[in-house]
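The following exercises ask for a close reading of one molecular model. Please work through each task before turning to its solution.

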Amino acid sequence: MNEGPRRIAIFGANSRIAIEAARIWLAKGVHLVVVTRNPERLRRLTDDLTLRAAGLAEVHGIAADLADLDGLPALWESLRERHPDLEAVLIAHGTLPDQARCQRSPEAMLQALRLNALSAMTLLTVIANDFEARQRGVIGVIGSVAGDRGRKGNYVYGAGKGMLALFLQGLRSRLHASGVRVLTIKPGFVVTPMTEGRDRDGLFWARPERVARGIVRAFYGRRDVVYLPWFWRPILWGIRMIPEPLFKRLRL
Ligand SMILES: NC(=O)c1ccc[n+]([C@@H]2O[C@H](COP(=O)([O-])OP(=O)(O)OC[C@H]3O[C@@H](n4cnc5c(N)ncnc54)[C@H](OP(=O)(O)O)[C@@H]3O)[C@@H](O)[C@H]2O)c1
């Protein structure tokens, strides 16, 4: 286990999973910079986290719409100017689009891809260059098991997360020699606002606290890709093995 970063920036920090991860990091004395889109929610989040930090760690907040791709390079620049000792990032924002709407509307489909893939990839392009020049850093990104195989019920979301996973795979190889770590995080079903309205009983549903513990552990470990909880790794292995002529007939 490595010593771990001392200051982390979290993008999409108001995500239920990210909030739980932030609380764990603060308890370890890790300083945080949290980025959320809504100024009022940002204020509430920073107040809560600062209280929990109990003087052990600093919490700074920045409000930014992460779907505004043009603004992202400047956002990272100002963040780095204010916090030159940033050692890691967690990219957590995302959205579960209405698949039926995305099938009807190219605009809705593109909007989903913008938030689930292009936003993170734009941020990663500037962050990667920065960390590569410094020859250190940890980059963690929340993808999804949905990105491992296209399913009829959510292939627009899956395509975004799948594109992100491929991007991260290439980025990991590129940055390996410079000592920068790239971590792909693939949760399964998690009880968060994103999945509200679904039937969330059952063995496959995880609490965000559990997934957050897995994320924090992964930042201190050596794995490149983590499935959270762990049982999704063999499940997805099995799903990827199903031949396409059979898979397209399944009601998955
Ligand atoms: N829940 C699951 O079952 C599940 C499974 C696999 C992967 N994931 C992934 O886990 C990550 C965290 O999601 P979650 O489950 O914790 O759900 P969540 O609580 O709904 O978090 C999603 C976050 O994305 C933020 N966001 C959306 N659009 C944004 C924008 N334009 N700019 C900035 N932030 C924006 C939201 O901000 P606001 O707070 O302002 O709305 C929200 O905080 C996502 O990447 C998601 O795809 C979730």
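Five exercises with worked solutions follow.

The model is predicted, so local features need pLDDT of at least 70 and side-chain atom pairs count only at pLDDT 80 or more, while totals for chains, interfaces and linings use all residues. Residues are numbered from 1 along each chain as its sequence is written, and side-chain values use heavy atoms, with hydrogens and water left out.

**Exercise 1. The ligand and its shell**

Task: Determine which residues are closest to the ligand and how many residues of each class the shell has.

Solution.
Step 1. The ligand is surrounded by 26 residues, the closest being Arg-37, Arg-41, Tyr-157, Gly-188 and Thr-192; a residue is near a molecule if one of its heavy atoms lies within 4 Å of it.
Step 2. Polar contacts are pairs of N or O atoms within 3.5 Å. A polar side-chain atom of Thr-192 lies 2.7 Å from an oxygen atom of the ligand. For Asn-14, the distance from a side-chain N or O atom to a ligand oxygen is 2.9 Å, and for Ser-15 a side-chain N or O atom is 2.9 Å from a ligand oxygen.
Step 3. On its own the ligand has 890 Å² of accessible area, of which the protein covers 91% (Shrake-Rupley method, 1.4 Å probe).
Step 4. Two or more residues of the shell come from each of helix 1, helix 6 (155-176) and strand 7 (189-190). Helices (H or I, at least four residues) and strands (E, at least two) are DSSP runs, numbered from the N terminus.
Step 5. Sorted by class, the shell has 12 nonpolar, nine polar and five charged residues. Ala, Val, Leu, Ile, Met, Phe, Trp, Tyr, Cys and Pro count as nonpolar, Asp, Glu, Lys and Arg as charged, and the others, Gly among them, as polar.

**Exercise 2. Aromatic pairs**

Task: Classify the ring pair of Phe-11 and Trp-76 and the ring pair of Trp-230 and Phe-231.

Solution.
Step 1. A pair of aromatic rings is described by the distance of the centres and the angle of the planes. Rings of Phe, Tyr and Trp (its six-membered ring) pair if their centres lie within 6.5 Å; planes under 30 degrees apart count as stacked, over 60 as edge-to-face and the rest as tilted.
Step 2. The whole structure holds nine aromatic pairs. In one of them, Phe-11 and Trp-76 have ring centres 6.4 Å apart and planes at 40°, so the pair is tilted.
Step 3. This pair links distant parts of the chain, with Phe-11 in strand 1 (residues 7-11) and Trp-76 in helix 3 (residues 72-82), 65 residues apart.
Step 4. Phe-11 is buried because its relative accessibility is 0%, and Trp-76 is buried at 3%. Buried means under 20% relative accessible area, exposed over 50%, partly exposed in between (1.4 Å probe, protein chains only).
Step 5. For Trp-230 and Phe-231, the centres are 6.0 Å apart and the planes are at 80°, so the pair is edge-to-face. Trp-230 is exposed at 59%, whereas Phe-231 is buried at 16%.
Step 6. One aromatic cluster is formed by Phe-189, Phe-204, Trp-205, Trp-230, Phe-231 and Trp-232.

**Exercise 3. Ile-91**

Task: Establish whether Ile-91 is buried or exposed and which residues Ile-91 touches.

Solution.
Step 1. Ile-91 belongs to strand 4 (residues 88-91).
Step 2. Its relative accessibility is 2%, so Ile-91 counts as buried.
Step 3. Leaving aside residues up to four places away in sequence, Ile-91 touches Phe-11, Ala-120, Leu-123, Leu-124, Gly-140, Val-141 and Ile-142; contact means heavy atoms within 4.5 Å.
Step 4. Gly-143 is 52 residues from Ile-91 in sequence, and the C-alpha to C-alpha separation is 9.1 Å.

**Exercise 4. Two buried polar or charged side chains**Task: Locate Glu-20 and Ser-178 and list what each of them touches beyond four places in sequence.

Solution.
Step 1. Glu-20 is placed in helix 1 (residues 16-27) and is buried, because its relative accessible area is 9%.
Step 2. The contacts of Glu-20, not counting residues up to four places away in sequence, are with Pro-208, Glu-209 and Ala-212.
Step 3. Ser-178 lies in the loop between helix 6 and strand 6 (181-187), and its relative accessibility of 8% counts as buried.
Step 4. With the same exclusion of residues up to four places away, Ser-178 touches Glu-132, Gln-135 and Arg-136.

**Exercise 5. Backbone geometry**

Task: State where Pro-229, Ala-54 and Gln-135 are found, and describe the backbone at each.

Solution.
Step 1. Pro-229 is in the loop between strand 9 (225-228) and helix 8 (232-241), and the peptide bond from Leu-228 to Pro-229 is cis, with omega near -15°.
Step 2. Ala-54, in the loop between helix 2 (39-53) and strand 3 (59-63), has a positive phi of about 50° although it is not a glycine. Ala-54 is exposed, with a relative accessible area of 62%.
Step 3. Gln-135, in the loop between helix 5 (106-134) and strand 5 (138-142), is not a glycine, yet has a positive phi of about 60°.

Technical notes
A polar contact is a pair of N or O atoms within 3.5 Å; within protein, one must be able to donate a hydrogen and the other to accept it, and residues adjacent in sequence count only if both atoms are side-chain atoms.
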